[in-house]
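This report describes the fold, the nonpolar interior and the charged contacts of one protein chain. The sequence and structure are shown first.

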Amino acid sequence: MKEIEPYEHKVQYYETDQMGIVHHSNYIRWFEEARSYVLEKIGFGYKEMEERGIISPVLAVNAEYKTMTRYSDIVVIKTKVTSYNGIKLMLSYEVSDKETGKIRCTGESKHCFLNTEGRPISLKRSFPEVHNLFSERFHIE
């Protein structure tokens, strides 16, 4: 299958702090934007998930800041599924400057799948077509 192109984000003025650099909390937001983008590109975004009664909360997120990003920079966010077993999903992120390629931040997020009552579910068991989509698209056994 064709690889999904990385997500791009142009830094907005409101995302910067008094020092003129991107506030650290925005990288976490960009991770979410990139994750939503990838899920939509494979045909199973958050809207489709929720329509089927699946929610996927964040269990953990971390970021390691490498270099500063400034207003109007364009960053490219590569998102990779590093682990998926039908119950939990883990992704990694690499944020780099579009012009220079310099890495600005790396990170990861962990998620699970719940039903609308907040109980854990296995996509493999409860939604095999979704599990197969994830497995095939992300090359997971």
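## Charged contacts, sheet and core

At 46% relative accessibility, glutamate 64 counts as partly exposed, a class that lies between buried (under 20% relative accessible area) and exposed (over 50%), computed with a 1.4 Å probe on protein chains only. The model is predicted, so local features need pLDDT of at least 70 and side-chain atom pairs count only at pLDDT 80 or more, whereas totals for chains, interfaces and linings use all residues. Residues are numbered from 1 along each chain as its sequence is written, and side-chain values use heavy atoms, with hydrogens and water left out.

Glutamate 64 meets lysine 66 in a salt bridge, a term that requires a side-chain nitrogen of Lys or Arg within 4 Å of a carboxyl oxygen of Asp or Glu. Over the whole structure, the search finds 7 salt bridges. Three of these pairs, including that of glutamate 64, are listed below with the N to O distance.

| Pair | Closest N and O atoms |
|---|---|
| Lysine 98 and glutamate 8 | 3.0 Å |
| Glutamate 129 and arginine 52 | 2.4 Å |
| Glutamate 64 and lysine 66 | 2.9 Å |

The pair of lysine 98 and glutamate 8 links distant parts of the chain, 90 residues apart: lysine 98 is in the loop between strand 4 (88–97) and strand 5 (103–112), and glutamate 8 is in strand 1 (residues 7–10). Helices (H or I, at least four residues) and strands (E, at least two) are DSSP runs numbered from the N terminus. Lysine 98 is partly exposed at 46%, and glutamate 8 is partly exposed at 40%.

Glutamate 129 and arginine 52 form another salt bridge. Because glutamate 129 lies in helix 4 (residues 128–137) and arginine 52 in the loop between helix 2 (46–51) and strand 2 (58–65), this pair ties together parts that are 77 residues apart in sequence. Both ends are partly exposed, glutamate 129 at 43% and arginine 52 at 40%. Lysine 66, the partner of glutamate 64, is partly exposed with a relative accessible area of 43%.

The sheet is open and has 5 strands in the order 1-3-4-5-2, with antiparallel pairing; two strands pair if DSSP finds at least two bridges between them. Strand 1 and strand 2 are the edge strands, each pairing on one side only. Neighbouring strands are turned by 20° against each other on average, direction ignored; axes are lines fitted to C-alpha atoms, for helices over the stretch in contact, and angles run from 0 to 180 degrees between N-to-C directions.

At one edge, strand 1 pairs with strand 3 in the antiparallel sense over 4 bridges, and histidine 9 has valine 75 in strand 3 as its bridge partner. The covered face of strand 1 carries Tyr7 and His9, while Glu8 and Lys10 are on the uncovered one. At the other edge, strand 2 and strand 5 pair in the antiparallel sense over 7 bridges, with tyrosine 65 standing opposite cysteine 105 in strand 5. Cysteine 105 is buried at 0% relative accessibility, and cysteine 112 is buried at 11%. The search of the whole structure finds 0 disulfides, defined as pairs of cysteine sulfur atoms within 2.5 Å.

Helix 1 (residues 25–41) packs on the sheet and touches strand 1, strand 2, strand 3 (74–84), strand 4 and strand 5, its direction making about 65° with that of strand 5. The buried residues of helix 4 are Val130, His131, Phe134, Ser135 and Arg137. They pack against helix 1, helix 2, strand 3, strand 4 and helix 3 (123–126), where contact means heavy atoms within 4.5 Å.

The largest nonpolar core has 30 residues, and those with the most contacts inside it are Trp30, Ile54, Ile77, Val95, Phe113, Leu123 and Phe134. Such a core is a set of buried Ala, Val, Leu, Ile, Met, Phe, Trp, Tyr and Cys residues joined through side-chain atoms within 4.5 Å. Helix 1, strand 3, strand 4 and helix 4 are the elements that give two or more residues to this core, and helix 1 gives the most, with 7 residues.

Leaving aside neighbours within four places in sequence, tryptophan 30 is in contact with His9, Val11, Glu15, Val22, Thr69, Val75, Ile77 and Val95. Methionine 49, in helix 2, is buried at 1% relative accessibility. With the same neighbours left aside, methionine 49 contacts Leu39, Phe44, Ile54, Ser56, Phe113 and Phe134.
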